[in-house]
Structure formats: C-alpha cells, structure tokens
Amino acid sequence: MKRTSGIKSPADRARPGPRRAGARALFAILVLLAVASASVAAAHDGPGPLGVNGPLGVTGPLGVTGPLGVTGPLGVTGVTSKTPQSARVGALFGADKAGDLTGNHFCTASVVHSPHRNLVVTAAHCLSGDSDLVFVPGYRDGQAPYGVWTVKRRFLPNDWSAHQDEDSDMAFAVIAPQDGKGVEDVVGANRLVTGASTGVSAVTVTGYPDSREVPISCTNRPQAHSGTQQRIDCPEFTGGTSGSPWINHDQEVVGVLGGHEQGGSTADTSYSVVLGTAAAELYKDASADP
C-alpha cells in the first residue's frame, strides 16, 4: 500500500489499501510473547535515538519467529517521546490546512543538515504534484510547537519524475525561513548519510500514521531487500508514514520510508531506497538552494 495518508492528499495520490485483517491480531500475540521473553527482548544496540519505548517497556527488536508468518525479528512500536531529536521529525500538510491541522497530515518528513539550514527529506511520492505544502516539525495533537513552515521548492530525482522508479523514491524540500531563521536553527537537524551498508546497526523509524495525531517510533535492524532497496520489520506503520526517517545511533539518516511498493504492502514491513550516489547528487543540488 502507499504509505501516504488515507486523506485525499494535495498530490492527488490514491488512498492506501486497507490494513491486513490479521495485523492487529498478530501484534497482540507478539506483545504476549514479549511478556514471556522480556529477558531477551531488549535490542542489542540499546534504545533508539528518539527514546521510543514499546507498550511494555521493551525498547528493541523481539526475537520472535514461528508459526504466524513472522520470519525475522519484529520491532516494538510505541509513541515517540518528546525530545530535541524527535522535534526534527514532522508532518506534511496541504497549505490550505495550515490553520486546521488536526487529522489532515498525509506524509512524514525530517530536517537534515544543510548549509542554508532549510532542508527536509521525505519520500518522492509525498512531493509529487504541484499543490502548496507546509511542514510542521514536532507536530502533536493539532499543535505546531515549532511553527508551521512553508515548502518553498522541491527536488525530486529525474527517474521518479519521468516514470516513478521505486529506486528513486526519496526527495528533498527547501523550507522558507521565518524571522530570518531556517527550520534547522529552530529544531536542529540530523545528518544525511549516503553509501552506508544496510544493517550495520539498528535504526529508529519515526512517522505519523493517519490514524494518530502523535508520532510513533520503532527500533530494529534493517535488512537488504535487494541491491537498491532495504527493509525493516516494525508493526503499525500504516498510511501517513511515507517519508519517515531511518535514524541510526549517530543521529544520521540512512533511509527514508518509501521505495518498494511506495513503502510496503503491509503495515509490519517497510522499505527504503538504499541511499547512494543518486541521493548524494540530489542532496548536493537541494542544499545549494538558498
């Protein structure tokens, strides 16, 4: 399914497919298994950089395999803690919803460091179209604690613009300044890293499902899906989470939720393009924009 929100988005994207019926049951069973195996449930790499805690205090991937089709470790998803790190992740809205935020976010984006301190990264399919957009860092419950920021310019890969190549499903948006400050001056930024090997360390994925007005996070170790795509097993990442950053323990963005099947066909497995040379070139172009 497309991980954009079920809301009719400004980019005129189709609604995502319904969440698989067995997903909630699977998640409930996994929580029970977590209680029984709490002594081995913590991630080897420790809690994620955004302070996520699972519903039972489990902070890392559960080593669950077995009869329900779970083929590898499944992370535990919980509401993201309010921290300086989590403030760098926000939601995208149509500009016409800037005064009525509740229930109207459709994608996720995050601030990445740039010379002009004005750049966010997201999925390319979140920026397709020509409707005006705004970015709200740290969005929660209809509130914009760090302001509502206008998307000034978009940078999408040529292969995405030409034929929506899933291996090019990441993009940048230049954010207009406010009172002489860039968005990075207000909330800080994570560093975008290209060329990193998949699965070297655990990452924390943070995004805004369309069914919630707060962000969720999950920490797990990604795996290679192909030479150009990576995947991570984390439950509850439904529509609206497209563009969610994958952040390692050095506060580096090493993935962006999107890519294969525009994010994945189920809520429990998500994808990202492998950030390589094309991503580095696109970043170079976008970061040069004042």
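**Exercise 1. Starting from one bridge pair in this predicted model, place its strands in their sheet.**

Let's begin with a residue pair: Arg231 has Tyr271 in S15 as its bridge partner. Next, look at the strands involved. Strand S12, residues 229-233, is joined to S15 by five bridges, and the two run antiparallel. Now widen the view to the sheet, which is open, has three strands in the order S11-S12-S15 and pairs them antiparallel. Finally, consider the edges: S11 (223-224) and S15 (269-273) each have a single partner strand, so one side of each lacks a neighbour in the sheet.

**Exercise 2. Work out which cysteines are bonded around Cys107, and give the handedness of the bond.**

Check the distance first. The sulfur atoms of Cys107 and Cys126 lie 2.1 Å apart, and the cut-off for a disulfide is 2.5 Å, so the pair qualifies. Then take the torsion about the S-S bond: at about -75°, it makes the disulfide left-handed. This pair links distant parts of the chain, 19 residues apart, with Cys107 in strand S3 (residues 107-112) and Cys126 in helix H2 (residues 124-127). As for burial, Cys107 has a relative accessible area of 0%, and Cys126 is likewise buried at 0%.

**Exercise 3. Repeat the analysis for Cys218 and Cys234, then give the pattern for the chain.**

Here the sulfur atoms are 2.2 Å apart, forming a disulfide. The S-S torsion of Cys218 and Cys234 is about -80°, so this disulfide is left-handed. Cys218 sits in strand S10 (residues 216-220), while Cys234 is in the loop between S12 and strand S13 (245-247). Both Cys218 and Cys234 are buried. To finish, the count is two disulfides, and their pattern along the chain is 1-2, 3-4.

Definitions and conventions: Residues are numbered from 1 along each chain as its sequence is written. This is a predicted model: local features need pLDDT of at least 70, side-chain atom pairs count only at pLDDT 80 or more; totals for chains, interfaces and linings use all residues. Side-chain values use heavy atoms; hydrogens and water are left out. Two strands pair if DSSP finds at least two bridges between them. Helices (H or I, at least four residues) and strands (E, at least two) are DSSP runs, numbered from the N terminus. Buried means under 20% relative accessible area, exposed over 50%, partly exposed in between (1.4 Å probe, protein chains only).
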